[in-house]
Number of protein chains: 2
Amino acid sequence: MPQGKVTTVPDDGLTTRQRRRQAVLAVHTGPGKGKSTAAFGMALRAWSAGWPVGVFQFVKSQKWKVGEETALKALDGVNGTPVTWHKMGEGWSWIQRAGTERDHAAEAAEGWAQIKRDLAAGTYKFYVLDEFTYPMKWGWVDVADVVATLAGRPGTQHVVITGRDAHPDLIEAADLVTEMTKIKHPMDAGRKGQQGIEW
Amino acid sequence: MPQGKVTTVPDDGLTTRQRRRQAVLAVHTGPGKGKSTAAFGMALRAWSAGWPVGVFQFVKSQKWKVGEETALKALDGVNGTPVTWHKMGEGWSWIQRAGTERDHAAEAAEGWAQIKRDLAAGTYKFYVLDEFTYPMKWGWVDVADVVATLAGRPGTQHVVITGRDAHPDLIEAADLVTEMTKIKHPMDAGRKGQQGIEW
């Protein structure tokens, strides 16, 4: 199929121009590499288009994304377009915690609650919910609530969700789903991860 | 398998530290989206690590990567690390053409010849050879030459090659191979590509 050609024309009463402006929900899943990396690559396009970018980083230790974080933060505001980066691991940026105890389930739920507020307010035009499949899988965030919230989000807010084992209901709700499959990985041959490649 | 855990320890006489510094050849292939996008995401990490980045964009029309190009060029030199972007479609940056005729096969061969010169000189530490599987597939660039050149590249120069239908010899030579598979795409439902998402 030539790129850009549609296979069917939907009976939705919209013009091509209107369909071009529809918000996209994308999911990058599967056991291979590149799920988050491709989402951050998409964020480059979004930023270039002048869309405020919000990254919500769930679950993983910070060292794995420090390169992307540094680079995307370096773009923040350069062309007038903001990039905002929130991390669960360090406590979300909008909450100040007095205690030292961490409750990951509660933190994930708080992250999702903030995303809901941002979607309702239209804070960003491009959201990366990085590794968000895991809190959904582990029951920390309600799948039906996620699907309903995303279905009802106002305006044109694009959302990319990454992580293995995406819930079937999320797959069903998504417009664009890509599975990354590992064919070969250096660690299989006994090589270690390295800075610049792995994080 | 926990991330960062190796499954075997190779009998190569190298320390873990030495193995961490080995150059990586990665291939992103398959019919799904995210092959190039993940490569540009990797470029963010490389740039953050202070590695000069060279992008060589083969084949595709420019509009598809303009967002990534704008964003990566915005990073050029910001932390002292250069990002250089070469495009086949517009004529490679290092050649000045008088004529208007285009010979894509010759242009691809010229691109590859320049990459060989850069690898020999150690010009970059991170190379994106975007859509480079196609000139290999079409016989414009010799597969055996590519594999031998990459195998013999000096120092620690990381290379990512993207595109569908990666040649089996390239897969064999690569350290890291990821296949992107399309599960669902908005164009299947009659939606059109849109700026910020598709380019």
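A:E69, A:K73 and A:K87 are linked in a network of salt bridges, a salt bridge being a side-chain nitrogen of Lys or Arg within 4 Å of a carboxyl oxygen of Asp or Glu. This is a predicted model, in which local features need pLDDT of at least 70 and side-chain atom pairs count only at pLDDT 80 or more, while totals for chains, interfaces and linings use all residues. Side-chain values use heavy atoms, with hydrogens and water left out, residues are numbered from 1 along each chain as its sequence is written, and chains are lettered from A in the order in which they are written.

Over all chains, the count comes to ten salt bridges. Here are three of them, with their N to O distances:

| Acidic partner | Basic partner | N to O distance |
|---|---|---|
| A:E69 | A:K87 | 3.0 Å |
| B:E68 | A:R45 | 2.5 Å |
| B:D165 | B:K137 | 2.6 Å |

Let's start with the pair from the network. A:E69 sits in helix α3 (residues 66–75) of chain A and A:K87 in strand β3 (residues 83–87) of chain A, 18 residues apart; helices (H or I, at least four residues) and strands (E, at least two) are DSSP runs, numbered from the N terminus. A:E69 is buried at 7% relative accessibility, and A:K87 is buried at 12%. Buried means under 20% relative accessible area, exposed over 50%, and partly exposed in between (1.4 Å probe, protein chains only).

What about B:E68 and A:R45, buried or exposed? Both are buried. Their salt bridge joins two chains, because B:E68 lies in helix α3 (residues 66–75) of chain B and A:R45 in helix α2 (residues 35–48) of chain A.

Finally, B:D165 is partly exposed at 45%, and B:K137 is partly exposed at 48%.
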